[in-house]
Amino acid sequence: MIKVGETIYLELKEEEETKRLRSKILDMEDGCLFIDFPVDEVSTKPRYFLEGTQFRAMFLGENQIVYLFETEVLGKTERKVPMLVIKDPGKEHYMKIQRREYVRVESNVDCAVYSPDNLFEPFTTVTADLSGGGMALVLPSSHELNSGDHVKTWLALGYQSGETHFISLKATFIRAYKEQERDIGSFQFLEIDERDRQKIVRFCFEQQLVLKRREKMS
């Protein structure tokens, strides 16, 4: 399920703020994962932790299923390279988070929409949901979009770390429908750069974790 060479993400609670770190699994033994020293995703600097430090860990398994588990630092060791040793609670304690390639999550991401062919006036709005393959937008009641129209959009993705990424995307308008008295439009992304797609997937992944925590607290 979890393999050597895979990327693993760690979340650490520090003074009311959640820090997100990235690492790689370098080796495995019964009950232990040997990982590279984690790198802070904001500062990109490696971090060093004492024995007993507790984390929430996440990794992407087969079929794009995200797994979550609780872990802690067991110590440090040096084999070919220095490694941090964390606890592997076993697959029976892994929690599945996502099951589809591009999980669609409800979100309110600020978005600006333009027509490259000047078919309609630009407008600003928010997403109703978002995935790595497309999105749904709240449309102005007087929108002039037709199925097949191409649009250019700007999204402002806010992450749990506090950083915001602005990405420009081309999309095709699929259809409009009513939802809670709002006009909603479905869009499919076109010619998306894989780096931008991964930013969206990361955003959706974080939103899934937030929703999962709320479910556990309720």
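Student: How many salt bridges does the structure hold?

Tutor: This is a predicted model, and in it the count of salt bridges is 12. Let's go through a few. R47 pairs with D40, and their closest N and O atoms are 3.8 Å apart. A pair like this counts because the nitrogen of Lys or Arg has to be within 4 Å of a carboxyl oxygen of Asp or Glu.

Student: Are R47 and D40 buried or exposed, or something in between?

Tutor: They fall in separate classes. R47 has 21% relative accessibility, so it counts as partly exposed. D40, at 6%, counts as buried. The cut-off that matters here is 20%, because buried means under that value.

Student: Which residue forms a salt bridge with R202?

Tutor: That's E163, with closest N and O atoms 2.8 Å apart. E163 sits in the loop between β13 and β14 while R202 belongs to helix α1, so this bridge ties together parts 39 residues apart in sequence. Both partners are buried.

Student: Does R202 have another job in the picture, and what ring does R202 lie over?

Tutor: I'd stick to the geometry. R202 lies over the face of Y159, at 3.9 Å from the ring centre. There is also a case with R79: its charged end sits over the ring of F34, 4.0 Å from the centre.

Student: Y159 is worth following, then. Which residues does E206 touch?

Tutor: Y159 is one of them. Setting aside residues up to four places away in sequence, E206 touches R20, Y159 and Q160. E206 lies in helix α1, and with a relative accessible area of 2% it is buried.

Student: Back to salt bridges for a moment. How far apart are the closest N and O atoms of R182 and E179?

Tutor: They are 3.5 Å apart, and the two residues form a salt bridge. R182 is partly exposed at 30% relative accessibility, and E179 is partly exposed too, with a relative accessible area of 32%. Elsewhere, salt bridges with shared partners join E11, R56 and E70 into one network.

Student: Let's turn to aromatics. What describes a pair of rings?

Tutor: Two numbers do it: the distance of the centres and the angle of the planes. A search of the whole structure turns up 11 aromatic pairs. Take Y9 and F205: their ring centres are 6.4 Å apart and their planes are at 65°, so this pair is edge-to-face. The pair links distant parts of the chain, with Y9 in strand β1 (residues 7–14) and F205 in helix α1, 196 residues apart.

Student: Are Y9 and F205 buried or partly exposed?

Tutor: One of each. Y9 counts as partly exposed at 25% relative accessibility, whereas F205 is buried, with a relative accessible area of 8%.

Student: And which geometry do the rings of F59 and Y67 have, stacked or edge-to-face?

Tutor: Stacked, because the ring centres are 5.2 Å apart and the planes are at 20°. F59 is buried at a relative accessible area of 2%, and Y67 is buried at 7%. Ring pairs also link F59 and Y67 with F69 and Y94 into a cluster.

Student: Now the hydrophobic side. What do nonpolar side chains tend to do in soluble globular proteins?

Tutor: In such proteins they tend to be buried together. Here the largest nonpolar core has 25 residues, and those with the most contacts inside it are L130, L145, L155, L157, F187, F189 and I200. The elements giving two or more residues to this core include β10 (110–114), β13 (150–158) and α1 (194–217). β14 gives the most, with four residues.

Student: Which residues is L145 in contact with?

Tutor: Leaving aside neighbours within four places in sequence, L145 contacts F120, F123, L139, V151, F173 and F187. There is also a second, separate core of 20 residues, which includes I25, L33, F49 and I86.

Student: Last one, the cysteines. How many disulfides does the count come to?

Tutor: Zero. Look at C204: the closest cysteine sulfur, in C111, is 14 Å from its own sulfur, too far for a bond. C204 is buried, with a relative accessible area of 4%. C32 counts as buried as well, at 18% relative accessibility.

How values were computed
Residues are numbered from 1 along each chain as its sequence is written. This is a predicted model: local features need pLDDT of at least 70, side-chain atom pairs count only at pLDDT 80 or more; totals for chains, interfaces and linings use all residues. Side-chain values use heavy atoms; hydrogens and water are left out. A nonpolar core is a set of buried Ala, Val, Leu, Ile, Met, Phe, Trp, Tyr and Cys residues joined through side-chain atoms within 4.5 Å. Buried means under 20% relative accessible area, exposed over 50%, partly exposed in between (1.4 Å probe, protein chains only). Contact means heavy atoms within 4.5 Å. A disulfide is a pair of cysteine sulfur atoms within 2.5 Å. Rings of Phe, Tyr and Trp (its six-membered ring) pair if their centres lie within 6.5 Å; planes under 30 degrees apart count as stacked, over 60 as edge-to-face and the rest as tilted. A charge sits over a ring if NZ of Lys or CZ of Arg is within 6 Å of the ring centre and within 35 degrees of the ring normal. A salt bridge is a side-chain nitrogen of Lys or Arg within 4 Å of a carboxyl oxygen of Asp or Glu.
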